[in-house]
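Biologist: Could you take me through one part of this model slowly, residue by residue where it helps? I'd like a close look at a single helix and whatever sits around it.

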Amino acid sequence: MAGFSGDETAPFFGFLGAAAALVFSCMGAAYGTAKSGVGVASMGVMRPELVMKSIVPVVMAGVLGIYGLIIAVIISTGINPKAKSYYLFDGYAHLSSGLACGLAGLSAGMAIGIVGDAGVRIRFRNMCHPTSTPWRDLALQFLSLLRRDLP
């Protein structure tokens, strides 16, 4: 192969990192959107006028997929063995950064989905309380999730 410098298998690992960033982040975004969307749908059944106030977790989960796309584009544009040498170190660096971004997006999407669903339901439950504020509801939401794990 004329003009190629570096390792021939290194781009495989780099593109694998780009794919991992995109796939895992989008899986987290899809799970977070679906799980928090269930809470928004239940809010729409109980109090339709509050649906737009409950849509924030769905938007937060959707942004995770965009983060994965951005990292995948950054990684894939950095892989050009014809322009500069691309060694196994570069491939492994791109693989590890793609996995870090993707798995962080997956776990964040799962957390956003679970907390978003619980938060919307707690927000509805506390809506009747006269001193209901978003900060108070957020504190009650996390406290209720902590109580669930305690014996």
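Modeller: Here is a walk along helix α2, then its partner helix, then the aromatic rings and a few long-range pairs.

First, a caveat and some context. This is a predicted model, so take everything below as computed from that prediction. The protein chain has 4 helices and 0 strands, and from the N terminus on its elements simply run α-α-α-α. Of its 151 residues, 35% count as buried.

Now for α2 itself. The helix covers residues 56–77, which makes 22 residues. At 1.5 Å a residue it should span 32 Å, and its end C-alpha atoms are indeed 32 Å apart, so the expected and actual spans agree. Which of its residues are buried? They are P57, V58, A61, L64, G65, G68, A72 and I75. Looking down the axis of α2, those buried residues fall within an arc of 130 degrees, so they line one face of the helix. Over on the other side of α2, I74 and T77 are exposed.

I74 deserves a second glance. This residue of helix α2 has a relative accessibility of 52%, and because the cut-off for exposed is over 50%, I74 counts as exposed. In space, the C-alpha atom of I74 is 10.0 Å from that of G98, with their positions 24 residues apart in sequence.

Next, the partner. Two packed helices are described by the angle between their axes and the distance between those axes. Helix α1 takes in residues 10–46, and its axis comes within 7 Å of the axis of α2. The two axes cross at roughly 175 degrees. Angles over 145 degrees count as roughly antiparallel, and α1 and α2 are therefore roughly antiparallel to each other. What kinds of residues make up this contact? By class, the contact of α1 with α2 has 15 nonpolar and 11 polar residues, with no charged ones.

A couple of residue pairs put some distances on this part of the model. A19 lies in helix α1 and is partly exposed, with a relative accessible area of 37%. Its C-alpha atom is separated by 9.8 Å from that of V73, although the two are 54 residues apart along the chain. F15 is found in helix α1 too, and is partly exposed at a relative accessible area of 43%. The C-alpha atoms of F15 and I79 are separated by 7.9 Å, with their positions 64 residues apart along the chain.

Staying with α1 for a moment, let's turn to the rings. How many aromatic pairs does a search of the whole structure find? It finds 2. In one of them, the rings of F12 and F13 have their centres 5.3 Å apart and their planes at 70 degrees, so the pair is edge-to-face. F12 counts as exposed, at 52% relative accessibility. F13 counts as partly exposed, at 21%, and the cut-off for buried is under 20%.

F13 also pairs with Y92: the ring centres are 4.9 Å apart and the planes are at 50 degrees, so this pair is tilted. The pair links distant parts of the chain, with F13 in helix α1 and Y92 in helix α3 (residues 88–125), 79 residues apart. Y92 counts as partly exposed, at 43% relative accessibility. Put together, F12, F13 and Y92 form one aromatic cluster.

So, to pull the picture of α2 together: its buried residues line one face, I74 and T77 are exposed on the other side, and α1 runs roughly antiparallel to α2.

Technical notes
Residues numbered from 1 in each chain as written. Predicted model: local features only at pLDDT ≥ 70, side-chain atom pairs only at ≥ 80, totals over all residues. Heavy atoms only, no water. Helix = DSSP H or I, 4+ residues; strand = E, 2+ residues; numbered from the N terminus. Expected span 1.5 Å × (residues − 1). Buried < 20%, exposed > 50% of the residue type's maximum accessible area, 1.4 Å probe, protein only. Arc of directions from axis to C-beta. Axes fitted to C-alpha atoms, helices over the stretch in contact; angles between N-to-C directions. Parallel < 35°, antiparallel > 145°, perpendicular 65-115°, else oblique. Nonpolar A, V, L, I, M, F, W, Y, C, P; charged D, E, K, R; others polar. Phe/Tyr/Trp six-rings, centres within 6.5 Å; stacked < 30°, edge-to-face > 60°.
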